[in-house]
Amino acid sequence: MSRYFKQPTNRLASIAGCIFVVAATLLSGPFASAEVSVSEEVLTRGRAVTATVVDESGAPVVDGVVRALYFPNSKVEREVEVGTTDAAGQVEWTPSHPGIAVLSASSDDTSHGSSSYSVRFDGVPASGLAVFVVAATILLGGLVFGIRRLQSEQR
Amino acid sequence: MSKARQQWKSRAGFILAASGSAIGLGNIVFFSANAYKFGAGAFYLPYLIALLAVGVPVMMVEFGLGREKGTSFPLALGRIGGRAGEFAGWFAVVNALMITMYYIAILGWAVGMWWSALAGDLWAETSVAVPAFDVPEGALPNAIASFFDLISSPRNIIFVVFVWLLNIGLVSRGTKTIEGAVKVMVPMIWLIMVGFIIQGLSQPGGVHGVFLLFTPDFSVMGDINVWHGAFAQIFFTLSLGFGIMTAYASYLPKKSDHTTNAVVVSMMNCSFEMIAGFAVFSLLFAFTVTPKASTLSMMFFIMPAAIAELGAAAKLTGAVFFTLLLLAGLSSSISLIEAAVSAVIDKFKTRRVTTVLAVSLVGIAGSVMFALPMVIDGGLDSNGTLGLTILDLIDHYAFGYGLIIVGLVECLIVGWGLPVEKLRATLNSSSSIQLGRWFDIMIKFVVPAILIFVLGYSLLTDVFDVGKEATPGLYGADYVMKGFDALDVIAPVVWLVMTLGIGAALALTPGHKGADGE
């Protein structure tokens, strides 16, 4: 049956409190007009791209600090400073973790917006494959085992 | 002369009904988002341990209880633990009925969102205005605007009543109608999910979403919240502590193999949860939408945001997604209602139709309360509507405490009162899988110890703010509720009074005690 709102620790999230968080998350994603952009459409862990920061008038933001937030909304969320923009408003970013990453820029306490990106794995992750094999073996294997038992009993 | 107890027509019907009960809204969207929150693949380790150490053994107890006593949960516990046992059983039934009330309110919202998906509001270029919250057109993302427009309007009550009418029809003739319904609904749920998996994986980069879901970050393994989350999750996902599984098992012949049944139902539920993650994460990753460990947010905001990116396919996909939610929710809600109906019939020997209508009338009143469109927070700083606030607060106690308390008490009553050795012998007598003495140790010591840990940690978090990340105070103390400041205190008091009070009244009211196999 499972849960409705928060995680079981605190029970499902108070819809309330999370409404704006969700709204903000969504707005910072595909709904926001990004002021932080990257040079490639497809991002992959370990492959450098150029991030460009422009202000509302479209002018490059110089000396803006660019940060990358990996695994947002999770217990393993971590923020990394990417660097400072040059005269063209650009900085090189090499995504260090796969998954959803939020790239944000600020300077002198002024936010220059943020954009979300999907960072792909640079190959099939061995640890992920191992976890999948173990989980699938126990769950699907257990299911098949049980059904076969029931079938043999019926016969 | 008493009528013979109704029975499932086939074992497949029972398996589908029990797995349909377990597979609900949370399986589709919550589990994978919860796993993402707790270190993705790393969460599978405590989750699988919890499944094997708590989930499967407790399900065997609940099935075994139904088989051994041949009656519903309160009377089954009462015949072992006397009045105290029966009281625990009624506490479970009343707690489950309170959950049913808001669960069906949520299903009503799913129907409302299904309507919005078909009408096109969810995929329009400009989101709808939400007058009750002073939100102008285009100010919020489509899904959020549509949802708040729905719940701040009286029309959501119509959808809630509509879902109740569906439920009444499906439980009206007991196992006959339930079995007929689940034989259609459960396969459909699986088929639709397979369709979503194919669609998700066929999106550019979709497979990387699945990589993300399974790749572990073991740095979280030392965090007590992860373990607490896993053990709580397994209890909820398997529909344990509601009295459902005992009621359903009591409709099977005595010779049924409940050990294997428990393995099949548990694994079917958890396998579904796992593959649902494929569909959810491939879509979210492909369209760069951040998951959140909240079922309502995932159902009504986050998944629609991802589906909206499908362009021309969004309308149909969205409608199918909300149909999936409705089917999964219905297969669970009918089991919740049946648990209450069967308990009342077994004790008071009332007619089924009368009992279904009586339970449903109480349920409808409760669901309408949870769906109240009364706006108490125009700024959307908190819950938005009174009903949503009450829903969240009651859910916190009914799910977070109620189910675990029932699980703990039933293990103690069965483990020490029956005792469990007798239950094990009964289960072994009709199963090809023989349970060893380890099962006795699990039910008598291990599972109660784990559940005491889960309860204790929840209590420490709520009362003493241990590990709390948000504002200190009782759960919900930081909500902004105009004119209803004390709801964070009132809600747990109401929950306690209702469950303990009505539970005690039902236990003390004279009635039929039931006989083995009746």
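Me: How many residue pairs are in polar contact across the interface of chain B and chain A?
Reply: The rule finds 9 such pairs between chain B and chain A, with both residues at pLDDT 80 or more; a polar contact here is a pair of N or O atoms within 3.5 Å, where, within protein, one atom must be able to donate a hydrogen and the other to accept it, and residues adjacent in sequence count only if both atoms are side-chain atoms. Please keep in mind that this is a predicted model, in which local features need pLDDT of at least 70 and side-chain atom pairs count only at pLDDT 80 or more, while totals for chains, interfaces and linings use all residues. Residues are numbered from 1 along each chain as its sequence is written, chains are lettered from A and ligands numbered from 1 in the order in which they are written, and side-chain values use heavy atoms, with hydrogens and water left out.

Me: And how many salt bridges does the rule find across that interface?
Reply: Between chain B and chain A it finds 2 salt bridges, a salt bridge being a side-chain nitrogen of Lys or Arg within 4 Å of a carboxyl oxygen of Asp or Glu. One of them joins the side chains of B:Asp217 and A:Arg78, with 2.5 Å from N to O.

Me: Which helix gives the largest share of chain B's side?
Reply: That is helix α11 of chain B (residues 258–286), which supplies 13 residues of the side that touches chain A; helices (H or I, at least four residues) and strands (E, at least two) are DSSP runs, numbered from the N terminus. The residues on this side of chain B divide into 52 nonpolar, 34 polar and 13 charged, where Ala, Val, Leu, Ile, Met, Phe, Trp, Tyr, Cys and Pro count as nonpolar, Asp, Glu, Lys and Arg as charged, and the others, Gly among them, as polar.

Me: What area is buried between the two chains?
Reply: About 6,800 Å² is buried between chain B and chain A, and carbon and sulfur atoms give 70% of that; buried area is the accessible area (1.4 Å probe) that two parts lose on being put together, summed over both. The contact takes 99 residues from chain B and 66 residues from chain A, with contact meaning heavy atoms within 4.5 Å.

Me: Switching to chain B itself, how many helices and strands are there?
Reply: Chain B has 18 helices and 0 strands, and its C-alpha trace spans about 65 × 50 × 45 Å along the principal axes. Among contacts in chain B between residues at least 6 apart in sequence, 78% join residues at least 24 apart.

Me: What radius of gyration does it have, against a compact globule?
Reply: Chain B has 22 Å, which agrees with the value near 24 Å for a compact globule of 518 residues; the radius is taken over C-alpha atoms, and the globule rule is 2.2 Å times the number of residues to the power 0.38. Of those 518 residues, 68% count as buried, where buried means under 20% relative accessible area, exposed over 50%, and partly exposed in between (1.4 Å probe, protein chains only).

Me: What does B:Lys347 form a salt bridge with?
Reply: Its partner is B:Glu86, with the closest N and O atoms 2.6 Å apart. The pair links distant parts of the chain, 261 residues apart, since B:Lys347 sits in helix α13 (residues 314–348) and B:Glu86 in helix α4 (residues 73–119). B:Lys347 counts as buried because its relative accessibility is 2%, and B:Glu86 is buried as well, at 6%. Leaving aside neighbours within four places in sequence, B:Glu86 is also in contact with residues including B:Pro74, B:Leu506 and B:Ala507.

Me: Where does the pair B:Arg424 and B:Asp440 lie?
Reply: B:Arg424 is in helix α16 and B:Asp440 in helix α17 of chain B, 16 residues apart, and their side chains meet in a salt bridge at 2.7 Å, N to O. B:Arg424 is buried at 16% relative accessible area, and B:Asp440 is buried at 3%.

Me: Last one: is B:Ile178 buried or exposed?
Reply: B:Ile178 counts as buried, because its relative accessibility is 1%. This residue is found in helix α7 (residues 175–201) of chain B, and, not counting residues up to four places away in sequence, B:Ile178 touches B:Trp8, B:Ala17, B:Leu170, B:Val171, B:Tyr248, B:Ile334 and B:Glu338.
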